[in-house]
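Here is a short tour of one protein model and the ligand it holds. Keep the viewer open and follow along as we go from a single residue out to the whole chain.

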Amino acid sequence: MNFLEERIMKDGVVKEGNILKVDSFLNHQMDVKLFKQMGEEFKRRFAGKNINKIITIEASGIGIACIVAECFDVPVVFAKKSQSVNIDGDVYSAEVESFTHKCKNQVLISKKFVGPEDHVLIIDDFLANGCALQGLISIVNQAGGTVEGIGIAVEKGFQQGGQIIRNLGYQLESLAIVDGMNAADGSINFREE
Ligand code: 5GP
């Protein structure tokens, strides 16, 4: 088991409805030293890629993305969620369905902060059905930028997102891939790399 899998076993809680709660260290209270380790691991996995920007989505991706951005020594931009369909022309936008909140949001990034010169590493805390990632990929493509890779903390391998994104040809690196979990006994099975 790697450092993140060990931490999930120690402090993660399996909830009904295929939800893994990691709010004591990842997406509510945040263990910044753990994020630093994650950033260094992404730096190793994406070595040789010419990355000049990190992009994530609010809210829970932001903490991790900031620390990863420091490891890569590049700026970080987060996509904002907006319930409004009335979006003005100075932004790139995409529609994203939230897995946890079961609602649709427009996500948007100002045209000032992403463009054709950008070689982007997308970072997020979770990958489930892949809607959030597809929205971010769409925004980078609209801007004429290049997605160099995608770094995820926890991929739920029993949902379809990972396969969809890998089939699109992107380098997707998930630090922990959960292939199964059980709320009744709290067990979690990780994919062996
Ligand atoms: P997707 O768009 O891939 O279906 O879902 C990704 C988003 O849903 C993540 O950004 C994360 O906020 C949320 N999410 C999906 N599954 C889980 C989960 O099991 N636990 C938590 N805490 N968040 C999740």
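## A residue in the middle of things

I152 counts as buried because 26 other C-beta atoms lie within 10 Å of its own. Keep in mind as you look that this is a predicted model. I152 belongs to strand β8. Setting aside neighbours within four places in sequence, I152 touches D124, L127, L172 and S174. V13, by contrast, sits 19 Å from I152, C-alpha to C-alpha, with their positions 139 residues apart in sequence.

## Strand β7 and its partners

Let us move on to β7, which covers residues 119–127. Why can β7 be called largely enclosed by the rest of the structure? Eight of its nine residues are buried, so β7 is largely enclosed. Two of its pairings are worth tracing in the viewer, and the table sets them side by side.

| Partner strand | Sense | Bridges to β7 |
|---|---|---|
| β3 (residues 53–57) | parallel | three bridges |
| β8 (residues 146–156) | parallel | eight bridges |

To find the β3 pairing, look for K53, whose bridge partner in β7 is V120. For the β8 pairing, look for H119, which has T146 as its bridge partner in β8.

## The nonpolar core

How many residues make up the largest nonpolar core? The count is 52 residues, and V68, A79, I122, L136 and A153 have the most contacts inside this core. Helix α4 (residues 131–142) gives the largest share of the core, with seven residues.

A153 is a good place to see how the core is put together. Leaving out neighbours within four places in sequence, A153 is in contact with L4, L26, M38, I64, D125, F126, L175 and A176. One of these contacts, I64, also appears among the buried residues of helix α3 (residues 62–72), along with A65, I67, V68 and A69. The cover over the buried residues of α3 includes α2 (32–45), β3, β4 (76–82), β7 and β8. In an α-helix there are 3.6 residues to a turn, so residues three or four places apart point the same way. Just after α3 comes D73, with a positive phi of about 60 degrees.

## Around the ligand

Which residues come nearest to the ligand? Of the 19 residues around the ligand, the nearest are F99, A128, N129, C131 and A132. At least two residues of this shell come from each of β2 (19–21), β7 and α4. The largest share is that of β7, with four residues. Sorted by class, the shell has nine nonpolar, six polar and four charged residues.

## The whole chain

Stepping back, the protein chain has five helices and 10 strands. For 193 residues, a compact globule would have a radius of gyration near 16 Å, and the value for this chain is 16 Å, so the two agree. Along the principal axes, the C-alpha atoms fill a box of roughly 50 × 35 × 30 Å. Of the 193 residues, 38% are buried. Among contacts with a separation of 6 or more, 60% are between residues 24 or more positions apart.

How values were computed. Residues numbered from 1 in each chain as written. Predicted model: local features only at pLDDT ≥ 70, side-chain atom pairs only at ≥ 80, totals over all residues. Core = buried A, V, L, I, M, F, W, Y, C linked by C-beta atoms within 7 Å. Buried ≥ 20, exposed ≤ 12 C-beta atoms within 10 Å, placed from the backbone. Contact = placed C-beta atoms within 7 Å. Near = placed C-beta within 6 Å. Nonpolar A, V, L, I, M, F, W, Y, C, P; charged D, E, K, R; others polar. Rg over C-alpha atoms; globule rule 2.2 N^0.38 Å. Pairing = 2+ DSSP bridges.
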